[in-house]
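Before setting up any calculations on a new model, it helps to know where the empty space is and what surrounds it. Here's an informal walk through the pockets, the sheets and a few ring contacts.

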Amino acid sequence: MTKPPRKPSKPLLGEADALLRSRPRRRRDPDQPNLPLDPMPARIEPCLALLKSKPPKGDEWVYEIKWDGYRLAVHIEPTGVRILTRGGHDWTHRFPAIEQAAKQLPVATAILDGEAVVLDEQGRPDFGLLQQSLGGRGGKKRSSTALFMAFDLIYFDGHDLRNAELSMRRHLLEDLVPTEGKGDIRLSEEVDADGDALLRVACEHGLEGIIAKDRNSAYRSGRLGDWVKVKCIQSDSFMIVGYERSTVARAGIGRLLLAARQGEKLVYVGGVGTGFNERNAYELREKLDGLITTTPAAMVDRKGAIFVKAKLIAEIEYRAWTDDGKLRHASYKGLREVQDNAAVYEIV
């Protein structure tokens, strides 16, 4: 006599009415230790990109677009969200849309590293538009147009990821941040391309440049070479040490006089007379007039120069340096915030 087929021990996947059940959970042994959680850092010094003239070569390097904005760390905590500048200042109130978007992410605790940007009509980051949205340097406005481009995840669900490889951190970040590119927190995409080709395309589209990152690197604070930046147009921060008046230019500013650091002193590196619009020119003139001094912060051999105290740092685009150490084809982009902890260009 033929035996009937043995009843399967588990329902088949094809049987729609059958429910798949896992085995009952055993009670946890109280003597078994819990997986340890890492305390959430109050602040992490950011990993900074080292400036190079050409993209690095090798399979270990991955590339991203360089975002032109304010570096921020978004802390998602059980008590709420904190948004910190590179200098460690709390700017949560300045970016309400980013704060609200962070609250919607499906995670209990996290620290996202990225850049706040405002995009122009062509979808390119514009540092001037970002400053305007915040009310200019020293302004108190809340930006409703700034987006957060997330490019790293350094703490996640109770675990400090700084010792993890970039490839693992990116994998977790891509699962956390929506990839549709429509929200107020967006993913800074890694681009699978040759570094030279990507730089060429970035420059053709009017972008600031690209970032190369070692996919095997841990997250190390400071400018140690794990991340490299290559720029289409040079853009650096310089101290404003004076200005020249004009009878035809907006707000009467004909030229800003700029200085770089060389050791403990400031050295004059030329001036900039373009890049101002009517709004930022008048705001700038008001700030400069409140800093006028008879003691120059740097030696400037310019007839009619009006000297100011070295308090304001300007972001300047330029094409190159002259043989005598002056900026060529310079253009004013805006003032850096004190809270942004911008470093004045260092002459070595």
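What follows starts with the open pockets, moves to the enclosed space, and ends with strands and aromatic rings.

Keep in mind that this is a predicted model.

**Pockets and cavity**

The table puts the spaces side by side.

| Space | Volume | Lining by class |
|---|---|---|
| Largest pocket | about 750 Å³ | 14 nonpolar, 3 polar, 16 charged residues |
| Second largest pocket | about 650 Å³ | 10 nonpolar, 11 polar, 12 charged residues |
| Largest cavity | about 110 Å³ | 7 nonpolar, 2 polar, 4 charged residues |

Let's take the largest pocket, at about 750 Å³. Which residues lie closest to its centre? Out of 33 lining residues, those are Lys 66, Arg 86, Arg 223, Lys 229 and Lys 231. Strands E1, E2, E9, E10 and E11 (234–245) each give two or more residues to this lining. If you're sorting the lining by class, 16 residues are charged, with 14 nonpolar and 3 polar ones making up the rest.

The second largest pocket comes in at about 650 Å³. It too has its lining residues listed, 33 of them, and Asp 126, Phe 127, Gly 128, Leu 129 and Lys 333 sit nearest the centre. Helix H2 (127–133), helix H5 (278–289) and strand E18 (331–335) supply at least two lining residues apiece. Here the class split reads 12 charged, 11 polar and 10 nonpolar.

As for enclosed space, the structure has 1 cavity of 30 Å³ or more. Its lining consists of 13 residues, with Ile 44, Pro 46, Leu 72, Ala 73 and Thr 85 nearest the centre. Two or more lining residues come from each of strand E3 (70–77) and strand E4 (80–85). E3 is the top contributor, giving 4 residues. By class, 7 of the lining residues are nonpolar, 4 charged and 2 polar.

**The sheet beside the largest pocket's list**

Several strands named for the largest pocket turn up again in an open sheet. Four strands make it up, in the order E1-E10-E9-E2, and their pairing is mixed. Why do E1 and E2 each have one side without a neighbour in the sheet? Strand E1 (50–51) and strand E2 (61–65) are at the edges and each has a single partner strand, so one side of each stays unpaired in the sheet. Strands E9 (residues 209–214) and E10 (residues 227–231) run antiparallel and are joined by 5 bridges. One bridge pairs Gly 209 with Lys 231 of E10, and Lys 231 is also among the residues closest to the centre of the largest pocket.

**A hairpin**

Strand E12 (residues 253–262) runs antiparallel to E13, with 7 bridges joining the two. Between them lie 2 residues of a hairpin turn, where Gly 263 has a positive phi of about 70°. Leu 256 has Val 272 in E13 as its bridge partner. Is E13 mostly covered or mostly open? Mostly covered: of the 8 residues in strand E13 (residues 265–272), 6 are buried.

**Rings and charges**

The model counts 11 aromatic pairs. One aromatic cluster is formed by Tyr 70, Trp 91, Phe 95 and Phe 127. Phe 127 is also one of the residues nearest the centre of the second largest pocket. Trp 91 has a charge over its ring as well: the charged end of Arg 94 sits 4.8 Å from the ring centre. Likewise, the charged end of Lys 213 sits over the ring of Trp 227, at 3.9 Å from its centre.

Note on methods:
Residues are numbered from 1 along each chain as its sequence is written. This is a predicted model: local features need pLDDT of at least 70, side-chain atom pairs count only at pLDDT 80 or more; totals for chains, interfaces and linings use all residues. Side-chain values use heavy atoms; hydrogens and water are left out. On a 1 Å grid over the protein atoms alone, a cavity is a set of points where a 1.4 Å probe fits but cannot get out, and a pocket is an open set with protein on both sides within 12 Å along at least five of seven lines; lining residues have an atom within 4 Å of a point. Grid points are joined across faces, edges and corners, and a volume is the space filled by probe spheres set on the points. Ala, Val, Leu, Ile, Met, Phe, Trp, Tyr, Cys and Pro count as nonpolar, Asp, Glu, Lys and Arg as charged, and the others, Gly among them, as polar. Rings of Phe, Tyr and Trp (its six-membered ring) pair if their centres lie within 6.5 Å; planes under 30 degrees apart count as stacked, over 60 as edge-to-face and the rest as tilted. A charge sits over a ring if NZ of Lys or CZ of Arg is within 6 Å of the ring centre and within 35 degrees of the ring normal. Buried means under 20% relative accessible area, exposed over 50%, partly exposed in between (1.4 Å probe, protein chains only). Two strands pair if DSSP finds at least two bridges between them.
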